[in-house]
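Hi,

Here is the structure I said I would pass on. Have a look at it first, and then read my notes below.

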2 protein chains.
Amino acid sequence: MTSVDEPARPGERIRDAARTRAEILDVATQEFARAGYDGARVDDIAARTRTTKRMIYYYFGGKEQLFTAVLEQAYGVIREAEQQLDVEHLDPVAAIRRLAEVTFDHHEQHPDFIRLVSIENIHGAEHIAASEKLGKIGSPALDVIRRILASGQESGLFTADVDAVDLHAMISSFCFFRVANRHTFGALFGRDLVAAEQREHYRTMLGDMVIAYLTADRAAD
Amino acid sequence: MTSVDEPARPGERIRDAARTRAEILDVATQEFARAGYDGARVDDIAARTRTTKRMIYYYFGGKEQLFTAVLEQAYGVIREAEQQLDVEHLDPVAAIRRLAEVTFDHHEQHPDFIRLVSIENIHGAEHIAASEKLGKIGSPALDVIRRILASGQESGLFTADVDAVDLHAMISSFCFFRVANRHTFGALFGRDLVAAEQREHYRTMLGDMVIAYLTADRAAD
DNA sequence: TAGCTAACGTACTGGTTCGTACATTAGGGC
DNA sequence: GCCCTAATGTACGAACCAGTACGTTAGCTA
């Protein structure tokens with residue numbers, strides 16, 4: 001998030017295209033995450049900015065393109081976080097566990113992003129398809145996983161037949177589900193998956209699961 | 001699904017409250033799953049039934065209650081499927097693997113249900129909360145897991161410190177993510193998680209993962 | 001400092017959409 | 001065969017909502 005919440009300091013430019021655009025994007029992110037694509041109201045987004053609805057159409061063209069821009073920014077944030085990833089000095093087991101923990105933490109800290117991804121899936125990822133940026137964004141995390149996996153498989157530590165994309169899916173599944181489905185899961189099973197007291201338990205559980213899978217003794221198979 | 005698609009056989013009752021209600025529910029299930037709660041149109045649902053919009057309000061009261069009824073029916077279907085579950089004659093390891101496979105298959109076969117759950121989570125599970133049925137529906141699967149887990153832990157086969165709810169979350173995560181996020185995952189990583197050729201691979205992967213986690217040698221920890 | 005354009009605001013519109021008032025009829029009970 | 005009511009259909013309204021026509025001004029540039 002670009003976090004534009006300065007109270008319009010005096011002396012600053014009154015007209016500031018970049019700031020106006022960024023402010024619209026931030027408010028739109030919250031509004032789309034809160035209510036979904038169809039539930040979000042362009043008028044409401046405009047009302048919560050220091051500008052008017054006219055500017056949304058001026059800068060983005062329409063509701064559809066605004067949502068695409070929101071997704072682009074949101075995916076940009078994880079990509080940046082993934083680029084900070086520095087685990088390759090660790091041994092493969094520790095590196096994978098660390099990677100899982102970082103993914104876990106990131107999902108927990110960005111529930112809005114999770115909601116946007118859920119919403120985009122309801123719409124068949126059509127906005128990602130419409131975006132020029134998002135198609136070729138790549139994933140730094142995937143490259144990291146690829147290298148750790150290769151090293152672990154070479155040394156014989158990892159026995160599982162997975163590639164980086166599979167492993168990424170496995171780790172993401174757990175992290176994503178925990179945040180995305182916390183409401184229905186809580187309502188049906190009476191357990192809050194994101195409760196603070198359970199955080200360490202689930203964080204450890206994820207690491208244990210992934211490591212157990214990768215290092216399992218498959219002699220008997 | 002109650003699947004009301006009989007072509008109005010002649011000789012049948014013209015006025016049939018039960019059939020009209022069921023038909024509305026089925027069409028509404030498709031429409032809500034397709035477009036989300038706010039994206040769904042009451043007029044469109046009515047148009048696709050053999051009755052009119054008036055009947056939706058007559059039987060359900062409104063859009064909100066209709067969606068709740070759709071959820072109630074959809075959750076009823078899994079509960080029924082879970083009651084068919086017959087794995088307790090197997091040894092704990094085989095039983096858990098079988099359970100994972102059944103969950104995997106069920107998610108794959110009911111993408112509409114997955115979408116409805118995603119949509120309900122976007123809305124904070126407020127319709128489940130508003131439902132009298134859904135709160136106390138329970139989960140037959142949870143009881144089964146509880147018994148298998150107890151037996152596996154007693155015999156020392158299972159070493160992991162999980163309860164039934166945790167394990168259910170772990171299995172569901174993978175199955176749910178694979179179906180729910182297939183669009184964004186496919187668009188970003190170029191891999192279709194529900195492609196037929198990969199089905200067996202992922203089904204095995206899930207079982208391996210869960211078993212590896214449950215039976216991992218934790219002596220070194 | 002004149003003027004030009006990017007940036008911004010106001011007010012409106014046309015279509016949509018949930019919901020309902022009112023009218024009608026099928027068909028079971030007696 | 002009559003009557004009563006559950007079930008159904010029609011037509012409409014009022015609010016909402018994405019998008020736009022038109023007018024204005026800040027502030028850089030020559």
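Let me start with one stretch of chain A: residues 18–78 are 79% helix and 0% strand, and the C-alpha atoms at the two ends of that span lie 22 Å apart. An unreviewed UniProt entry lists those residues of chain A as "domain: HTH tetR-type". Keep in mind throughout that this is a predicted model.

Next, the DNA. Strand D is surrounded by 23 residues, and the closest come from both chains: Arg15(A), Arg41(A) and Lys53(A), plus Thr51(B) and Tyr59(B). By class, that surface splits into eleven charged, eight nonpolar and four polar residues. Which helices supply at least two residues each to it? In chain A they are H2 (42–47) and H3 (53–60), and in chain B they are H1 and H3 (53–59). H3(B) gives the most, with four residues.

On the DNA side, 54% of the strand D atoms within 4 Å of the protein belong to sugar or phosphate, and the rest to bases. A few phosphate contacts are worth pulling up in your viewer:

- Tyr59(B): a side-chain N or O atom is 2.6 Å from a phosphate oxygen of strand D.
- Arg41(A): here too a side-chain N or O atom is involved, 2.7 Å from a phosphate oxygen of strand D.
- Thr52(B): this one uses a polar backbone atom, 3.4 Å from a phosphate oxygen of strand D.

Now for the protein–protein side. Chains A and B bury about 4400 Å² between them, with carbon and sulfur atoms giving 67% of that area. On the chain B side, Asn121(B), Ile122(B) and Leu188(B) lose the most area to chain A, together 15% of what that side buries. The contact takes 54 residues from chain A and 54 from chain B.

As for polar interactions, there are four salt bridges between the two chains. One of them pairs Asp163(A) with Arg191(B), whose closest N and O atoms are 2.7 Å apart. The polar contacts across the interface come to 14 residue pairs, counting pairs with both residues at pLDDT 80 or more. The helices of chain B that each put at least two residues against chain A are H1 (17–35), H6 (111–122), H8 (132–135), H10 (164–180), H11 (182–189) and H12 (199–215). H10(B) gives the most to that side, with eleven residues. Sorted by class, the side of chain B that touches chain A has 29 nonpolar, 14 polar and eleven charged residues.

Cheers

Technical notes: Residues are numbered from 1 along each chain as its sequence is written. Chains are lettered from A and ligands numbered from 1 in the order in which they are written. This is a predicted model: local features need pLDDT of at least 70, side-chain atom pairs count only at pLDDT 80 or more; totals for chains, interfaces and linings use all residues. Side-chain values use heavy atoms; hydrogens and water are left out. Contact means heavy atoms within 4.5 Å. Buried area is the accessible area (1.4 Å probe) that two parts lose on being put together, summed over both. A salt bridge is a side-chain nitrogen of Lys or Arg within 4 Å of a carboxyl oxygen of Asp or Glu. A polar contact is a pair of N or O atoms within 3.5 Å; within protein, one must be able to donate a hydrogen and the other to accept it, and residues adjacent in sequence count only if both atoms are side-chain atoms. Ala, Val, Leu, Ile, Met, Phe, Trp, Tyr, Cys and Pro count as nonpolar, Asp, Glu, Lys and Arg as charged, and the others, Gly among them, as polar. UniProt positions are given in the numbering used here, feature names are shortened, and annotations may be inferred rather than shown by experiment. A residue is near a molecule or strand if one of its heavy atoms lies within 4 Å of it.
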